[in-house]
Amino acid sequence: MSTLFDSVLRPTIIAAARSERIKQASQRWSTTEKVVRRFVPGESLDDVLTAIRRELDDGLAVTIDFLGEDTVDESHADATVAAYVALLQAMPRLAPVPPGSLEVSLKLTALGQRLPEHGAKIAEENARTIAEAARSAGASVTVDAEDHSTVDERLAVVRSLRRDFPDVGTVLQAYLRRTEDDCAEFAESGARIRLCKGAYAEPPSVAYPDRGQVDEAYLRCLRILMKGNGYPMVASHDPTRIEAASILAKEFDRAPDTWEHQMLYGIRSDEQRRLAAAGARVRVYIPYGTEWYGYFVRRLAEKPANLGFFLRALAG
C-alpha cells in the first residue's frame with residue numbers, strides 16, 4: 001500500500017493542491033467542510049483563539065498559521081500581515097499563558113515573496129512587522145518552509161531577521177538533499193529549527209524520492225540539530241522519529257526545555273497529550289483562515305491514514 005501511495009496517489013493528491021477547478025468543487029461539498037475541521041479549527045480569529053485555549057489548558061504549546069501562500073497581490077500580503085498583527089494583539093485574551101507557549105508560523109510567499117517587483121524585500125519588511133508584534137505579545141516567530149525554489153531567499157531573510165530578532169526560527173525539510181548542510185549552519189548559529197519531512201512535490205534532482213531515503217535523511221539531520229547549539233523542534237507524528245528524538249536528546253544531554261516535539265492539530269492528539277504528561281515539551285501547529293484548501297490537501301498526501309479518514313467520511 002505504501003509503495004502505491006508514494007508512487008501514484010501522493011503525486012496525484014499534491015497536483016490537486018494546485019488545481020483551482022478541484023479547489024472550487026471541493027469547497028462546495030458539505031462533507032469536505034466537516035472533515036476539514038479535523039485539521040483546521042475554523043476560519044475566524046475567535047475560532048482559533050478557542051482552539052488555542054483548549055490546547056494550552058491541556059499543557060501543550062501552540063504555533064498558529066494564518067493560512068495562505070503564493071500571493072501575487074500586494075493587498076493580499078498586507079491583509080495577511082494585518083491578520084497576524086490582530087491575532088498577536090488578541091493574545092492577552094488567552095492569559096494566563098506559560099512562558100514560551102505562543103508562536104506564530106508564517107510563509108514568506110503569503111507576505112509577498114513572489115511579487116513581481118522587490119518581492120523578497122517586501123516579504124522581509126512584512127515579516128519584521130509581525131516579529132515586532134510577536135515580541136510585544138511575548139510570542140515567537142517561525143518562518144515556514146515552502147517548495148525548494150524559495151529556500152535560498154527564505155534562509156537569507158531568516159538570517160537578516162535573526163540579527164534583530166534572535167528568536168526567529170525557520171523550517172528545514174529533510175527530504176531536500178541540501179538540508180544536512182543547512183542544519184549544520186543553523187545549529188551552529190543557535191537557531192530554532194523545526195525539522196519536518198517535507199510535503200511538496202519535488203524533483204529527484206533536489207529531493208530524495210524514496211521514503212526510506214527520506215527517513216534516513218531525517219535522522220541524520222536530527223542528530224546534527226540535537227548535537228548543535230540551537231533549539232531543535234521535531235516535527236513528526238512517526239513513532240520511530242519520536243523515539244529517536246528522545247534517544248538523541250539523552251545522548252547529547254539535552255534538558256527537556258532545550259528542544260520540543262511538534263505535531264499538527266487534529267493528528268495523534270492522544271499522543272500529543274501523552275508526551276506532554278510525561279514531561280516533554282509539545283507544540284501543536286494550528287492553522288486557521290479561509291485559505292485552507294492547499295494545507296488540507298497536503299495533509300491528505302502525507303500518509304495513507306489521512307486519506308483513508310477522508311474517504312471514510314465521504315462514504316459516510
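These legends walk through several close-up views of the predicted model. In this predicted model, local features need pLDDT of at least 70, side-chain atom pairs count only at pLDDT 80 or more, and totals for chains, interfaces and linings use all residues. Residues are numbered from 1 along each chain as its sequence is written, and side-chain values use heavy atoms, with hydrogens and water left out.

**View 1. Strand 3 is covered on both faces.** Strand 3 spans residues 140-143; helices (H or I, at least four residues) and strands (E, at least two) are DSSP runs, numbered from the N terminus. Ser140 and Thr142 sit on one side, Val141 and Val143 on the other, and all are buried. Buried means under 20% relative accessible area, exposed over 50%, and partly exposed in between (1.4 Å probe, protein chains only). In a regular strand, side chains alternate between the two faces of the sheet.

**View 2. Strand 3 has parallel partners in strand 2 and strand 4.** Strands pair if DSSP finds at least two bridges between them. Four bridges link strand 3 to strand 2 (residues 102-106), and two link strand 3 to strand 4 (residues 169-173). Look for Thr142 here: Ser105 is its bridge partner on the strand 2 side, and Gly169 stands opposite Thr142 in strand 4.

**View 3. Helices 6 and 7 take part in right-handed β-α-β units.** Helix 6 (residues 119-137) forms such a unit with strands 2 and 3, while helix 7 (residues 151-164) does so with strands 3 and 4. Right-handed means that, with the strands pointing away from the viewer, the path from the first strand over the helix to the second runs clockwise.

**View 4. Cys183 and Cys221 do not form a disulfide.** A disulfide is a pair of cysteine sulfur atoms within 2.5 Å. The sulfur of Cys183 is 4.0 Å from its closest cysteine sulfur, in Cys221, so the two are too far apart for a bond. Both cysteines are buried, with Cys183 at 0% relative accessibility and Cys221 also at 0%. A search of the whole structure finds zero disulfides.

**View 5. Three loops hold backbone features to check.** Most residues other than glycine have a negative phi, and most peptide bonds are trans. The peptide bond from Ala95 to Pro96 is cis, with omega near 0 degrees, and Pro96 lies in the loop between helix 5 (74-89) and strand 2. His118, in the loop between strand 2 and helix 6, has a positive phi near 60 degrees and is exposed at 59% relative accessible area. Arg268 has a positive phi of about 55 degrees and is partly exposed at 30%; Arg268 is in the loop between strand 7 (260-264) and helix 11 (269-277).
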